[in-house]
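Reader: I am new to protein models and would like to learn how to read one. Could we look at it together, feature by feature?

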Amino acid sequence: MNGLPARATVREVGLRDGLQSIATVLPTERKREWLRDAVAAGQREIEVGSFVPARLLPQLADTAELLAYAKTLPGLSASVLVPNLRGAESALEGDADLMILPLSASHAHSLANLRKTPDEVVAELGRIRAARDASGRRTLIEGGVGTAFGCTLQGAVAPAEVLRLLQALLDAGADRVSLADTVGYADPLSVSRLFEQALKIAGDRFCCGHFHDTRGLALANVLAAAQLGVSRFDASLAGIGGCPHAPGASGNAATEDLGFMLAAMGIDTGLDMDALLALRAKVAGWLAGEQTNGALWRAGLPKTFPRAAAH
């Protein structure tokens, strides 16, 4: 465990990855409150939405408005998911701090999710990079390789293909890259093996691990990546989320559970866990009737857990 980072960032994706897969359409004012409370709890990187047509994902129709609000919150890095050049242009117009282009290593999932082959998505990233550079914006571009450990539509995905696409995204102009276990197929050993190779390719341009808790292994997989020095992880408050085009892909790593695990191991996250649990209860109330996940909210924080102020 000598490779564990001293600090780690938990990037909140509940407002995008979480809300996109549930029926409830959360009012914009509730989302603003979520953002305010998350920043007050010490969260500094939040994915606020996705620039996709409202007819496809009405849950995220207010992404532009929410991005504009997020930009007013001091110290917050606001990211958005963009499925194509048009979405990237909206992200640039809104001056997002980061835009994430998802690429599925699974050919079947790529066609279902973006109607493009993986290599067509790589080409799209090249066009997005050109648009970003021409705009003069400083918005970072992250190429996220999803279904990196397998897919419910295709089945197995070869690690060599994942690594090829990771390199292709970097060559096309991605500022940084990440890996996602979209359907929760990964285990700690497979994470160690794939992330080790990914880090050799991307070095300090490898930025994030995204794990789903479909089979209860999200936190174990985070630990496997952290032992290699990875220090940024996606998570969703109350473990909500999934993927509409990947049957069986239920539940992200729960933000509060992940924050607790990292802090308990002595890794500084800057999170105020009491405030985060209070926000979790609020969001779960807003989403009454929807499935929520996680364990910490039931057990509570140990009496010995340090109550350090968020920063």
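Reader: Let me start with one residue: is threonine 147 buried or exposed?

Author: Threonine 147 is buried, with a relative accessible area of 0%; buried means under 20% relative accessible area, exposed over 50%, and partly exposed in between, using a 1.4 Å probe and protein chains only. Before we go on, this is a predicted model, in which local features need pLDDT of at least 70 and side-chain atom pairs count only at pLDDT 80 or more, while totals for chains, interfaces and linings use all residues. Residues are numbered from 1 along each chain as its sequence is written, and side-chain values use heavy atoms, with hydrogens and water left out.

Reader: Where does threonine 147 sit in the chain?

Author: Threonine 147 belongs to the loop between β5 and α7 (159-172). Such labels come from DSSP runs numbered from the N terminus: helices are H or I with at least four residues, strands are E with at least two. The phi of threonine 147 is near 45°, a positive value in a residue other than glycine. Aspartate 95 also is not a glycine and has a positive phi, of about 55°. Aspartate 95 is found in the loop between α4 and β4, and at 28% relative accessibility it counts as partly exposed.

Reader: Thanks! Now the strands: why is β2 described as largely enclosed by the rest of the structure?

Author: Because 6 of the 6 residues of β2 are buried. Strand β3 is largely enclosed too, since 4 of its 5 residues are buried.

Reader: How many bridges join β2 to β3?

Author: There are 5 bridges between β2 and β3 (residues 77-81), and the two run parallel; strands pair if DSSP finds at least two bridges between them. One bridge partner pair is glutamate 45 with serine 77 in β3. On to β4: 3 bridges join β3 to β4, again running parallel, and serine 79 stands opposite leucine 98 in β4.

Reader: And what does the chain pass through from β3 to β4?

Author: The chain goes through α4, and this β-α-β crossover is right-handed. Right-handed means that, with the strands pointing away from the viewer, the path from the first strand over the helix to the second runs clockwise. β2, α3 and β3 also make a right-handed β-α-β unit.

Reader: How do I find empty space, and how much of it lies in the largest pocket?

Author: Rolling a probe the size of a water molecule over the atoms shows where empty space is left. A pocket is an open set of points on a 1 Å grid over the protein atoms alone, where a 1.4 Å probe fits, with protein on both sides within 12 Å along at least five of seven lines; lining residues have an atom within 4 Å of a point. The largest pocket holds about 1100 Å³, a volume being the space filled by probe spheres set on the points, which are joined across faces, edges and corners. Its lining has 48 residues, and Val52, Leu81, Pro83, Asn113 and Leu114 lie nearest the centre. Elements giving two or more residues to this lining include β2 (45-50), α4 (85-93) and β4 (98-104).

Reader: One last residue: what is alanine 226 in contact with, beyond its neighbours within four places in sequence?

Author: Alanine 226 is in contact with Gly3, Leu4, Pro5 and Phe233, leaving those neighbours aside; contact means heavy atoms within 4.5 Å. Alanine 226 lies in helix α9 (residues 218-226) and is buried, at 1% relative accessible area.
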